[in-house]
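Here's a quick tour of one protein, meant to be read with the structure open beside you. Take a moment to look it over, then follow the bullets topic by topic.

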Amino acid sequence: MTFKLLGILDVENIPCARDSVLYGSLGSVVAGLGHFLLTSRIRRSCDVGVGGFILVTLGCWFHCRYNYAKLRIQERVAREGIKNKILYESTHLDPQRKPANGNGGSGVTSSTENPATTR
């Protein structure tokens, strides 16, 4: 059974929805109760509580969705890198592969090039 807020928002399956609603509820209680303790005006405190719910919920929603989008981009870049590593490994397009024939780039030195190895 899924929990839908107001019949439209599927809190269980939408990323960040659950946390945003929970933090919004807490912000509503804190803002409304705080305003009531300061002013003793019931109706105005309820209005402040609703405003606190909206502000905290939207703030948490946008913050969480921004971080979620950043994480998805990082995952996509890592996935592309792994795919390219598998695809180009051991080919002439591999950027980590050293050239076999080049200007002294073979990595093999003879005894005449390195005097420390001749005795």
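Let's start with a cysteine: Cys60 is partly exposed, with a relative accessible area of 22%. Keep in mind that you're looking at a predicted model. From here we'll go from the overall layout to the helix H1, then to the cysteines and a couple of unusual backbone angles.

**The big picture**

- The protein has two helices and two strands, and if you walk along the sequence they come in the order β-β-α-α.
- Out of 119 residues, 13% count as buried.
- The accessible surface adds up to about 10,100 Å², and carbon and sulfur atoms own 62% of that surface.
- Take the contacts in the protein with a separation of 6 or more: 40% of them join residues 24 or more positions apart.

**Helix H1**

- H1 runs over residues 17-39, which makes 23 residues.
- Does its length add up, and what should you expect? At 1.5 Å a residue, H1 should span 33 Å, and its end C-alpha atoms are 32 Å apart, so the two values agree.
- Which residues of H1 are buried? They are Ala17, Ser20, Val21, Gly24, Gly27, Gly32 and His35.
- An unreviewed UniProt entry carries the annotation "transmembrane region" for residues 20-38.
- In the model, residues 20-38 are 100% helix and 0% strand, with their end C-alpha atoms 26 Å apart.

**The disulfide**

- How many disulfides are there? The count comes to one disulfide.
- The partners are Cys16 and Cys64, and their sulfur atoms sit 2.0 Å apart.
- The torsion about the S-S bond of Cys16 and Cys64 is about -75°, so this disulfide is left-handed.
- Cys16 is in the loop between strand E2 (9-10) and H1, while Cys64 is in helix H2 (residues 42-88), so the pair ties together parts that are 48 residues apart in sequence.
- Are the two partners buried or exposed? Cys16 is buried, at a relative accessible area of 12%, whereas Cys64 is partly exposed, at 24%.

**The other cysteines**

- Why is there no bond from Cys60 to another cysteine? The closest cysteine sulfur to that of Cys60 belongs to Cys64 and is 8.4 Å away, which is too far for a bond; the cut-off for a disulfide is a sulfur pair within 2.5 Å.
- Cys46 is partly exposed, with a relative accessible area of 49%.
- That falls in the partly exposed class because a residue has to be over 50% to count as exposed.

**Two positive phi angles**

- As background, most residues other than glycine have a negative phi.
- Cys16 goes the other way: its phi is positive, near 80°. This is the Cys16 of the disulfide, in the loop between E2 and H1.
- Ser40 also has a positive phi, near 65°. Ser40 comes right after H1 and is found in the loop between H1 and H2.
- Is Ser40 buried or exposed? At 54% relative accessibility, Ser40 counts as exposed, because the class starts at over 50%.

Definitions and conventions
Residues numbered from 1 in each chain as written. Predicted model: local features only at pLDDT ≥ 70, side-chain atom pairs only at ≥ 80, totals over all residues. Heavy atoms only, no water. Helix = DSSP H or I, 4+ residues; strand = E, 2+ residues; numbered from the N terminus. Expected span 1.5 Å × (residues − 1). Buried < 20%, exposed > 50% of the residue type's maximum accessible area, 1.4 Å probe, protein only. UniProt positions renumbered as here; feature names shortened; annotations may be inferred. Contact = heavy atoms within 4.5 Å. Areas by Shrake-Rupley, 256 points an atom, 1.4 Å probe, with all protein chains shown as cover.
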